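Visitor: Could you walk me through this one and tell me how each label is earned?

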Amino acid sequence: MKYLVIGAGGTGGCIGAYMTEAGKDVTLIARGAHLAAMQADGLRMETTKKGNYTVKPVKATDMEHYGERPDVIFVCVKGYSLEETIPFIRRVAKPETVVIPILNIYGTGGRLQERLPELLVTDGCIYIAAEIRKPGCLWQNGDIFRVVFGVRKPSEYREVLEKVRQDLEESGITGILSDNIQRDALQKFSYVSPAAACGQYYDAMAGDMQKPGEIRDTFAALIHEIDVLAEAMGIHFGVDIVQTNLDILDSLTPEASTSMQRDVKQGKASEMDGLIFEVVRMGRKYGVKLPVYEKVAEELRKRGFS
């Protein structure tokens with residue numbers, strides 16, 4: 001199958017690198033210096049699991065110059081860049097093309113489906129700690145690399161989704177075709193949102209949250225509030241979500257941080273609204289008190305974020 005990955009940062013870049021290395025037909029959409037470096041020298045991977053190596057050649061281009069018709073599109077941009085991908089997807093997709101958004105923001109698939117009613121848009125999420133170290137070079141921190149995706153309604157299922165799962169597995173990526181993607185996407189959100197909120201509130205990295213004390217306790221309390229919110233939404237995780245996410249945190253190297261924190265530090269646009277302030281709005285919508293999220297949101301607003 002022909003794959004298109006929109007966004008070549010830590011998420012999309014790693015998907016593209018692993019699948020290219022496995023012989024899959026993958027094109028990465030990127031821009032600027034990162035794109036130029038990949039086109040010239042391939043994609044350099046620095047990892048704690050597989051060591052350092054370069055995937056070369058790697059198919060990479062920008063939206064303007066992509067002219068193929070993909071079977072599957074992974075959307076791996078930040079939430080604030082999602083809108084600009086829609087006209088591009090409309091231009092390159094076939095009627096049979098499946099769109100799989102892999103974003104941090106909960107509910108992205110459903111919102112994107114409304115904008116692309118002619119295509120099948122699933123929901124999806126990813127477990128990985130990775131980032132662009134420099135143009136043409138990605139740093140993958142830790143061993144976790146898992147892509148979870150699926151349809152929101154059983155009637156939307158297509159056999160091609162199982163083929164996607166198989167291709168991910170053959171590429172060294174754990175692929176999970178979920179039978180309850182809204183639950184599983186919210187479970188991923190129950191990690192990334194508290195990690196971003198706690199990290200930004202305390203200016204903390206993973207190592208700070210791994211140590212017993214106030215910061216770790218706050219991280220755990222934020223996870224618990226997502227669990228309470230999920231129950232109000234009729235979503236039941238079926239696991240001890242606090243311990244599950246603490247285990248994920250403890251598997252990371254101490255210097256790991258969230259992409260939201262890195263964007264804020266670099267003065268870029270960030271996903272703070274969708275990762276933190278949206279949770280407070282959801283609490284009000286479902287009549288759930290979220291005192292720790294509200295405290296964090298109030299403090300961040302005082303610091304000039306909104």
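Visitor: Let's start at a pairing: which residue in strand 6 stands opposite Y3?
Guide: Y3 has V72 standing opposite in strand 6. One caution early on: this is a predicted model, where local features need pLDDT of at least 70 and side-chain atom pairs count only at pLDDT 80 or more, while totals for chains, interfaces and linings use all residues. Residues are numbered from 1 along each chain as its sequence is written, and side-chain values use heavy atoms, with hydrogens and water left out.

Visitor: What makes strand 1 and strand 6 a pair?
Guide: Two strands pair if DSSP finds at least two bridges between them. Strand 1 and strand 6 (residues 72-75) are joined by four bridges, so they pair. They run parallel. A strand here is a DSSP run of E, at least two residues; a helix is a run of H or I, at least four; both are numbered from the N terminus.

Visitor: And how do you know that strand 1 pairs with strand 2?
Guide: Strand 2 (residues 25-29) is joined to strand 1 by five bridges, again running parallel, so the cut-off for pairing is met. In that pair, L4 faces T27.

Visitor: Why is the unit of strand 1, helix 1 and strand 2 called right-handed?
Guide: Picture the strands pointing away from you: a crossover is right-handed if the path from the first strand over the helix to the second runs clockwise. Strand 1, helix 1 (residues 10-21) and strand 2 form a β-α-β unit of that hand.

Visitor: Why is S190 called buried?
Guide: Buried means under 20% relative accessible area (exposed is over 50%, partly exposed in between; 1.4 Å probe, protein chains only). S190 comes out at 0%, so S190 is buried. The residue sits in helix 6. Leaving aside neighbours within four places in sequence, S190 is in contact (heavy atoms within 4.5 Å) with I223, I226, F237, I241 and N245.

Visitor: What makes a group of residues a nonpolar core?
Guide: The members are buried Ala, Val, Leu, Ile, Met, Phe, Trp, Tyr and Cys residues joined through side-chain atoms within 4.5 Å. The largest such core has 51 residues, and F219 and I276 have the most contacts inside it. Helix 6 gives the most to this core, with 11 residues. Apart from it lies another core of 37 residues, including L35 and F149.

Visitor: Which residues does F219 touch?
Guide: Not counting residues up to four places away in sequence, F219 touches Y191, P194, A195, C198, M209, N245, L246 and L249.

Visitor: Why do you call one empty space a cavity and another a pocket?
Guide: On a 1 Å grid over the protein atoms alone, a cavity is a set of points where a 1.4 Å probe fits but cannot get out, whereas a pocket is an open set with protein on both sides within 12 Å along at least five of seven lines. Lining residues have an atom within 4 Å of a point. Points are joined across faces, edges and corners, and a volume is the space filled by probe spheres set on them. The whole structure has one cavity of 30 Å³ or more. The largest cavity holds about 100 Å³, and 15 residues line it, with L103, I105, Y106, G124 and A185 closest to its centre.

Visitor: How much space lies in the second largest pocket, and which helix gives the most to its lining?
Guide: About 380 Å³ lies in that pocket, and helix 11 gives the most to its lining, with six residues.
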